[in-house]
Amino acid sequence: MSSEFKSTSKIFQGQLGAYEVIVTEDESLTLKSGFFDEACHSLSGAKAETRHNYLKNGLFYSKSYKEKKPKLTVLEVGFGLGHGYLETSKALGDAIELHFISLELDPSLVSFAQELSSPVFHELKESAWGFDAQIGPHQLSLILGDARKTITTLKGFFPGLMVDAIYLDAFSPRRNPALWTSEFLSELWTLGQKGSVLTTYSASQSVRKTLDHVGFAVESFPGFGRKKQCTRAWWEGESLTEIIKMRMNSNIPLLND
Ligand SMILES: C[S@@+](CC[C@H](N)C(=O)[O-])C[C@H]1O[C@@H](n2cnc3c(N)ncnc32)[C@H](O)[C@@H]1O
């Protein structure tokens, strides 16, 4: 771990092991998971990174947002500290309805978010899928369990579900490989349509090749903090030429279960 991070020396004991609580450069918190041996965010700023990767370069690019649709639906892979929901809700304000669906493996992160991220998470009530909250015009549905399984239940819980944006915010492909495979990405593919957008902080060549393989048109956008690039994917169009070339390059492995 680099030297710039400020550990609060607080440890949060979750169901998936211990998390170190870290203050990032914009003063927002992140967690370093002992189980995955990785921090949830860039140490250059957890909230600022969330806005960069998933709002300014993600949701705001979606057709529905650009056309000022009155209701938006977002799917997040990895609830973590809840920054994805909080930043989205803040950016949209009360004029836009939001259904924010977030998939999370470690149920104890709900109590972390309630105590240390925001009191709005006290609105969460148990539901068939985990927890649900209606906060003004914004609904947060927190789906607990392994996302590889819960992803297949979403259309049962929310008939006709079609998302405007996906925030692919699992831990890295090296530490959390299950959520970057062609099988999992194919499930994400079924939840969007022309005009929807998926973004992720990862610029891994294998992730890009696998997104392209399952049907996404893949492009790059500038990274946050010290990161050079991130990845944006669409349900229509063609991938960047350099990514199409990777289709032929057998040295870059496709990610599979
Ligand atoms: C990088 S953090 C997400 C940060 C979060 N988006 C935020 O804004 O605070 C990744 C999250 O993915 C969760 N995760 C890892 N494997 C998972 C799985 N198989 N199913 C669901 N969630 C998983 C981790 O528990 C962790 O909370």
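Okay, let's start with one pair of residues: Asp132 stands opposite Ser141 in β9. Asp132 comes up in a pairing between strand β8, residues 130-135, and β9, where 6 bridges join the two and the strands run antiparallel. Before I go on, keep in mind that this is a predicted model.

So where does that pair sit in the wider picture? There's an open sheet of 9 strands here, and the order goes β7-β8-β9-β6-β5-β10-β11-β13-β12, with mixed pairing. At the edges you have β7 (125-127) and β12 (217-222), each of which pairs on one side only. If you ignore direction, neighbouring strands of this sheet are turned by 20° against each other on average.

Let's move along from β9. Strand β9, residues 138-144, also pairs with β6, this time in the parallel sense, over 7 bridges. If you want a spot to click on, Phe100 has Leu140 in β9 as its bridge partner.

Now, β6 itself. Is this strand enclosed or open? Of the 8 residues in β6 (97-104), 6 are buried, so the strand is largely enclosed by the rest of the structure. On to its pairing with β5, residues 71-77: those two run parallel, joined by 7 bridges. Val77 is the one facing Leu103 of β6 there. And how does the chain get from β5 to β6? The route goes through helix α3, residues 83-92, giving a β-α-β crossover that is right-handed.

Okay, helices. Take α8 (205-214) and α9 (241-248): their axes are 9 Å apart, and they pack at an angle of about 85°. That makes α8 and α9 roughly perpendicular to each other. On the α8 side you've got Gln205, Arg208, Lys209 and Asp212, and they meet Ile243, Met246 and Arg247 in α9. By type, the residues of that contact come out as 4 charged, 2 nonpolar and 1 polar.

Last thing, a couple of loop residues with backbone angles you might want to look at. Glu27 isn't a glycine, yet its phi is positive, about 75°. You'll find Glu27 in the loop between β2 (17-23) and β3 (29-33). Buried or exposed, then? Glu27 has 11 other C-beta atoms within 10 Å, so it counts as exposed.

The other one is Asp37, also not a glycine, with a positive phi near 55°. Asp37 is in the loop between β3 and β4, which is 38-39. With 13 other C-beta atoms within 10 Å, Asp37 is partly exposed.

That's my tour, thanks.

Key
Residues numbered from 1 in each chain as written. Predicted model: local features only at pLDDT ≥ 70, side-chain atom pairs only at ≥ 80, totals over all residues. Axes fitted to C-alpha atoms, helices over the stretch in contact; angles between N-to-C directions. Helix = DSSP H or I, 4+ residues; strand = E, 2+ residues; numbered from the N terminus. Parallel < 35°, antiparallel > 145°, perpendicular 65-115°, else oblique. Contact = placed C-beta atoms within 7 Å. Nonpolar A, V, L, I, M, F, W, Y, C, P; charged D, E, K, R; others polar. Buried ≥ 20, exposed ≤ 12 C-beta atoms within 10 Å, placed from the backbone. Pairing = 2+ DSSP bridges. Right-handed = clockwise from strand over helix to strand, strands pointing away.
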